[in-house]
Amino acid sequence: MQTEVEKSLNEGAARLVARASDSRSLTRELLLPRITAAVEKYLLKDDPNTPHAEISKFIDEMQADDLCLIIACERGDEKAWTDLVERFTATVRSAARSASSNEDAAEDLAQSIWAELYGLRTRKDGMPASKLAYYSGRGSLAGWLRAVVAQLAVDTFRKQSRLVQTEEDTDLERLARVAEGQPLVARIPTPEESISNRFAKTGMQQALHQAVQELPAEDRLLVKLYYFDNLRLREAGAVLGVHEATASRRLTRIQTELRTRVTKILVDERGWTQAETERSFAEIAQHLDTDLESILSKEGV
Amino acid sequence: MRQEKNNEMDLLLRRLGRRDDATVSNAAGVHLDADELSAYAENALPAAARARYTSHLAECTRCRELVVQLSASGGMVSAAETATVSKPSLWRTLLASLFAPMVWRYAAPALGLIVVAAIGFVVLRRDQEPTHVTQVTNNEQRSPTSIAADTASPAVDSPTKATPSPEAVAGLQKAPAQTGSAPAPNAAPVVSSSTEASKDLAAAPKQQPASANEAAPKPSATPEESPRTAETEVSKKEVQELPAVAPASERAWRDAQREDRKTDKDVARPGSRRAEPTDKVSSQGAGSVANVQRDGFLFAGPTRSVAGRRFQKRGAIWIDSAYDASRDTTTVRRGSEQYRALIADEPAIKTIADELDGEIIVVWKSRAYRIR
């Protein structure tokens, strides 16, 4: 007896094969496992009782041609491989260039990607362990390839960083051994550090940190993108899928909400009075403002 | 007040970002895979799944960096954005693409070159025009005898001009040769300039009848009016090539013309009222072509030569090439007493009046007559 979900998946797979401009001789049965995996990952995981209409909509929005191409490649279709390489060599190279410091590194990275895609390693069942198996067909194939390149670049960079870090640590340890027994040189904190320390001491920092953590995920992400990652509003908006103006309005609202929340934390949890909170806000902000100005003038901005 | 408060929060958040930036850990569990990252960056995820990944991204610096990178490079068009921001119209897009900095990077120098070329062309053309005027003025200032001689002068194509002086032929042959060797890039301005010249000449009858003076005289061709017209048409076409002649070849042409005049004085007798066919264009080879070209450059409408005078039809009037608008004109009606008196004194005018139908303006002995 076919369940409602299975029925939706079968029908959706049939429609996907039908609407692909080049189905590469793939059948509904060949596509069904990949479609099922995508539906489970992005829909059923969050709501096992996802309605039939929503599943159908999800499948109908999948990238039919890209998915057929990838599955055909996995099945060893030579023409599909040729098409994949022809169509996406430029994408992979471009992504590798933007993730690498020089042309040689970019070339190495691009070659690594193609090796990963082709699957030089083999799985337990004897089939090549290709990264292609992880493409769901939900986003574009070009976007997925860029993500694969970016991930590999980050992993490679981190691996190299760890190597450098280890060498540096060794050097530091040696230096520490040489300087053993000697008193540490007392370092005078910079004005910026002293202000920061005051900020930390007042409890304001902890309260603000707590308030940020309590924000809804979407708002918290915007705060992180804008204040922590120093993105422009346009860039932050792009990540969230909203226009720059929307991101700006949202940020203003978040600031107001955070202020209210911080005040509440300070009053309710730390026993501050309302007046003390207001004064503290103004005082710290003034110090930080002066501090920022001095930093900016030093940097020649 | 609210803005100030927000400024305070802005500063506090910036400071928090600085402090926490170094201490943020990836305590958010498993990182997003490539499919999740790209689907998130492309805004292609169902709401629930997206919310789940948003929570992770808010905590995980590594994944956030990757999503930011993918959002920037993927050119993601968010659903919200397409809904709120109206799509620019086609012509706006076209204009935007036309005035894009990348386009102007190349278009601006090209436009500059075109402007310089256009100015150069106009200046050169202005330099050429006085030469013409001078030439025509010289023609006018010559005695009727010399004018009569001139009427035959460019007639290399006429039977009487079958044996031009060797110098003249050499000079004439130079012109087309140099025309042919003119550099190709000159072709475009040349064509436009000559076209403009033709237009000017064509428009002349309406604006300035005196410009008929620009027409150099030609031997008469009474019996062959239609071939003459055809020749004029040929001249019109060939005129497009003429201005390509370099200044040196222009000089050669003028020399040749002078030589022609000298030679023709021996051939064409003033007042002989000789009617000679002028439609044989190609019989003289390159020199003839040069003549046709220069004639084409000077004439625009149908012309005829009668009694040693060259007439050009402007509208319904045959106008003597020697006629100048500043001249006083005596109007004489055919068959009138005045007309009979005039032709009695000047029989050549009768010949002209008989040959040319309709209204005629003829210059005779420094006086202009309008015969109706």
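# Helix H6(A), the A–B contact and a sheet in chain B

Trainee: Which residues of H6(A) are exposed?
Mentor: Helices (H or I, at least four residues) and strands (E, at least two) are DSSP runs, numbered from the N terminus. A residue is exposed if 12 or fewer other C-beta atoms, placed from the backbone, lie within 10 Å of its own, buried if 20 or more do, and partly exposed in between. The exposed residues of H6(A) are A:Asp104 and A:Gln111.

Trainee: What pLDDT do local features need in this predicted model?
Mentor: Residues are numbered from 1 along each chain as its sequence is written, while chains are lettered from A and ligands numbered from 1 in the order in which they are written. In this predicted model, totals for chains, interfaces and linings use all residues, side-chain atom pairs count only at pLDDT 80 or more, and local features need pLDDT of at least 70.

Trainee: Within what arc do the buried residues of H6(A) fall?
Mentor: The buried residues are A:Ala106, A:Leu109, A:Ala110, A:Ile113 and A:Leu117. They line one face of the helix, because the directions from the helix axis to their C-beta atoms fall within an arc of 100°.

Trainee: How far apart are the end C-alpha atoms of H6(A)?
Mentor: The expected span is 1.5 Å times one less than the number of residues. For the 16 residues of H6(A), 103–118, that gives 22 Å, which agrees with the end C-alpha atoms being 23 Å apart.

Trainee: Which helix gives the largest share of the side of chain A that touches chain B?
Mentor: Contact requires C-beta atoms, placed from the backbone, within 7 Å. On that basis, 56 residues of chain A are in contact with 53 residues of chain B. The largest share of the chain A side, nine residues, comes from residues 217–228, helix H10 of chain A.

Trainee: Which are the edge strands of the sheet in chain B?
Mentor: Strands pair if DSSP finds at least two bridges between them. The six strands form an open sheet with mixed pairing, in the order E1-E2-E3-E5-E6-E4 (chain B). Two of them pair on one side only: strand E1 (303–306) and strand E4 (329–332) of chain B.

Trainee: What angle does the direction of helix H15 of chain B make with that of E5(B)?
Mentor: Axes are lines fitted to C-alpha atoms, for helices over the stretch in contact, and angles between N-to-C directions run from 0 to 180 degrees. H15 (residues 347–355) packs on the sheet, touching E1, E2, E5 (359–364) and E6 (367–371) of chain B. The direction of H15 and that of E5(B) make an angle of about 155°.

Key. Two residues are in contact if their C-beta atoms, placed from the backbone, lie within 7 Å.
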